[in-house]
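Me: I have a structure open here and would like to talk it through with you. Could you go over the ligand site, the cysteines and a few odd spots in the backbone?

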Amino acid sequence: MCGIVGYIGNNLSKKILLNGLTNLEYRGYDSAGISILSNGNIHTLKTKGRVKDLIDLSNLDKVDGYCGIAHTRWATHGEPSDINSHPHNNQNNTFSVVHNGIIENYSDLKNFLVSKNYKFISQTDTEVIPNLIDYYYKEGNDFLHSVYKACKHLKGSYAICVISSIFPDKIIVARKSSPLVLGKGINENFIGSDIPALLEYTKSFYFINDNEFAEVLKNNIIFYDENLSKIEKKCKEINIDFSQINKNGYDDYMLKEIYEQPKSIFRTLNNLNFENLNITKEYLKSLKKIYIIACGTAMHAGLVSKTLIENLCKINVEVDLASEFRYRNPIIDSNTLAIFISQSGETADTIAALELAKVSNAQTIAVTNVPESSITRIADKVLYTSAGPEIAVASTKAYTSQISLMSYFSLYLAKLLNSINDDLLKELETDLNNIPNKIKELFDNLDSQIKDIAKKIYLEKDIYYIGRGLDYYVALEGALKLKEISYIHAEAYASGELKHGTIALIENNTTVISIITNPLLVEKSISNIQEVISRGAKTIIITNQSLNKNEFNHIIKIPEINSYLSPILSIIPLQLLAYHIAKLKKLDVDKPRNLAKSVTVE
Ligand code: F6R
């Protein structure tokens, strides 16, 4: 949510800031802005809309300088508008701030500042920050202490970058519960919400923790702890190939990421090492419960993982939405293993749930795709999906990598516990390693089939997804993909549950997509499909079973695989279907409305 960039150095900053913003646009894209120091003044340009709208502003040409900050916004307080866009400046235009997060007590702070004759022009929470900094500066503090004192009064979450026309040789940054990284260059330094935004310029990064501050100068970065005592930080080299964040010839990141799945799963499976977790049979036996906690698509991966761990390891698993878990007094103690799945590693609710699990003495494992993300610094242990940077807002390759990782993990636990027979273990291991090839097989002719179906249904208002067991969890994920990028109302139901209410919505020509991959549940699933066909539904079936073609409108055949692993294959036609429907509707697939890739606010 919101992307921030900062630059100070020997080069002109505008191009660097705009490039950084373009790389960060997936974090928010309802407005964009830039503040650059030049000729002793702060020049701020901002606009409602995308980064390209900022680039198109006619007066942008006239401004450049060697120090600046920039922002792409996902609105929280105040509608997307020119005025509400960041950066926000104090009324004298001597301090300029970009902010990611929410200032929960902004109203109290605003009242205080208004009582001191400060004037506000926006509806945002952020505008209090530059004015509060100004207030402390006028009390006689230097730049760093003014920012520090202002931050001490902020409640909520923030990653901020501040520049000042009075102190043109530095940028001050601070962070609390929102992501921020610092990139080191030669005679230049960079600030960004995440690593990929800056990879074009540097591979050397510093990471600051909550409540820490940094003074970023051209040739140096000085770090401070929460009491403003100087601290040392080690610079880390990050080995992400910059080409991984290009579209590589695809029209959209989402399409590229869908087709990357054989590779991303292969990498994930081959880079795993569970030995570092130090899990023993005795420990597993002592567990009362495993919790899997996540949001959105990652939670859907958690549901699939639950079935695998419960069935293969006979351990009780509860899956919860992070936003619910954190406020419902969950029963959790030292006999609980809590696993947190998060592609970005920055999701505010997931991190808060992790913190809660830690104070309740649970052992915690984070499953994430982003090295050095916030979650990796909080969890006891970390497992990485090696999907590579996922840029499209709708998650695809991260989801299948999460399930692949969790499937492999379930097999590891089952081996420790000796809870499944050797034949099944071998079959699952072979099938899992074969998944990348099976996906390649699935891709043969898939695109044209899916395009044909998409053409027939892209104007629909409602689409239903049904399945039983693991297929139901895939239905949930398929429906979410469609909703988020095509804006078609989609609902997922457990096939057997439909008749308890929702079937009332099925009428002539309603599209029902059904996933059928478990041989033991085929007949039951077909009966449920017959129930909707009798009420006029058009049916699309995703299956690895041999079904009678004449009974359904479309059948998409996926390769055969042990049914525990089928979600990794069966979701792929649904990802492509959502993609092609959104394209036919001429929507921005990678940046759907109202969404952002990293949800760093509650
Ligand atoms: C949907 C999607 C979201 C995320 C959710 C959690 O396509 O991407 O539902 O899965 O916001 O994000 P992470 O995994 O980064 O914690």
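The chat below takes up those topics one after another.

Me: Before we start, what kind of model is this?
Reply: This is a predicted model, and the values below are computed from it.

Me: OK, ligand first. How many residues surround it, and which are the closest?
Reply: The ligand is surrounded by 14 residues, and the closest of these are Ser-342, Gln-343, Ser-344, Thr-347 and Glu-484.

Me: What is the make-up of that shell by class?
Reply: Sorted by class, the shell around the ligand contains 7 polar, 5 nonpolar and 2 charged residues.

Me: Which helices supply at least two residues of the shell?
Reply: Helix H9, residues 296-313, and helix H16, residues 470-486, each supply at least two residues of the shell, and the largest share, 3 residues, comes from H9.

Me: Which polar backbone atom is 2.7 Å from a ligand oxygen, and what else approaches the ligand's oxygen atoms?
Reply: That backbone atom belongs to Gln-343, and it lies 2.7 Å from an oxygen atom of the ligand. A backbone N or O atom of Thr-297 is 3.1 Å from a ligand oxygen atom, while Lys-481 places a polar side-chain atom 2.9 Å from an oxygen atom of the ligand.

Me: And how much of the ligand does the protein bury?
Reply: The ligand taken alone exposes 410 Å², and 89% of that is buried by the protein.

Me: Back to H9 for a second. Is Gly-302 buried or exposed?
Reply: Gly-302, which sits in helix H9, is buried, with a relative accessible area of 0%. Not counting residues up to four places away in sequence, Gly-302 touches Ile-292, Val-319 and Ile-341.

Me: How far is Gly-302 from Gln-530?
Reply: Their C-alpha atoms are separated by 30 Å, and Gly-302 and Gln-530 are 228 residues apart along the chain.

Me: Different topic: how many disulfides does the structure hold?
Reply: The structure holds 0 disulfides.

Me: Why is Cys-2 without a bond to another cysteine?
Reply: The cysteine sulfur closest to that of Cys-2 is in Cys-161, and because it is 12 Å away, it is too far for a bond. A disulfide is counted here when two cysteine sulfur atoms are within 2.5 Å. Cys-2 itself counts as buried, at 6% relative accessibility.

Me: What about Cys-295?
Reply: Cys-295 is in no disulfide either, and its nearest cysteine sulfur, that of Cys-2, lies 17 Å away. Cys-295 is partly exposed, with a relative accessible area of 24%.

Me: Now H4. How many of its residues are buried?
Reply: Helix H4, residues 128-138, is mostly covered, with 9 of its 11 residues buried. Among the buried residues of H4 are Val-128, Ile-129, Leu-132, Ile-133, Tyr-135 and Tyr-136, and Asn-131 and Asp-134 are buried there too.

Me: What covers them?
Reply: The cover over the buried residues of H4 includes helix H3 (106-115) and helix H5 (143-152), together with strand E5 (88-89), strand E6 (95-103) and strand E7 (156-164). After H4 comes Gly-140, which has a positive phi near 110°.

Me: Which non-glycine residues with positive phi should I look at?
Reply: One of them is Asn-39, with a positive phi of about 50°, placed in the loop between strand E2 (31-38) and strand E3 (41-48) and exposed at 76% relative accessibility. Asn-248 also has a positive phi of about 50°; it lies in the loop between strand E15 (236-237) and helix H6 (253-259) and counts as exposed, at 52% relative accessibility.

Me: Which peptide bond is cis, with omega near 0°?
Reply: The bond from His-86 to Pro-87 is cis, and Pro-87 is located in the loop between strand E4 (67-73) and E5.

Me: Last one: where is Thr-510, and what does it contact?
Reply: Thr-510 is in the loop between strand E22 (489-494) and strand E23 (511-516), and at 9% relative accessibility it counts as buried. A polar atom of the Thr-510 side chain lies 2.9 Å from the backbone nitrogen of Glu-507. Leaving aside neighbours within four places in sequence, Thr-510 is in contact with Tyr-464, Leu-505, Gly-536, Ala-537 and Lys-538.

Notes: Residues are numbered from 1 along each chain as its sequence is written. This is a predicted model: local features need pLDDT of at least 70, side-chain atom pairs count only at pLDDT 80 or more; totals for chains, interfaces and linings use all residues. Side-chain values use heavy atoms; hydrogens and water are left out. A residue is near a molecule or strand if one of its heavy atoms lies within 4 Å of it. A polar contact is a pair of N or O atoms within 3.5 Å; within protein, one must be able to donate a hydrogen and the other to accept it, and residues adjacent in sequence count only if both atoms are side-chain atoms. Accessible areas come from the Shrake-Rupley method with a 1.4 Å probe; for residues, only the protein chains shown count as cover. Helices (H or I, at least four residues) and strands (E, at least two) are DSSP runs, numbered from the N terminus. Ala, Val, Leu, Ile, Met, Phe, Trp, Tyr, Cys and Pro count as nonpolar, Asp, Glu, Lys and Arg as charged, and the others, Gly among them, as polar. Buried means under 20% relative accessible area, exposed over 50%, partly exposed in between (1.4 Å probe, protein chains only). Contact means heavy atoms within 4.5 Å.
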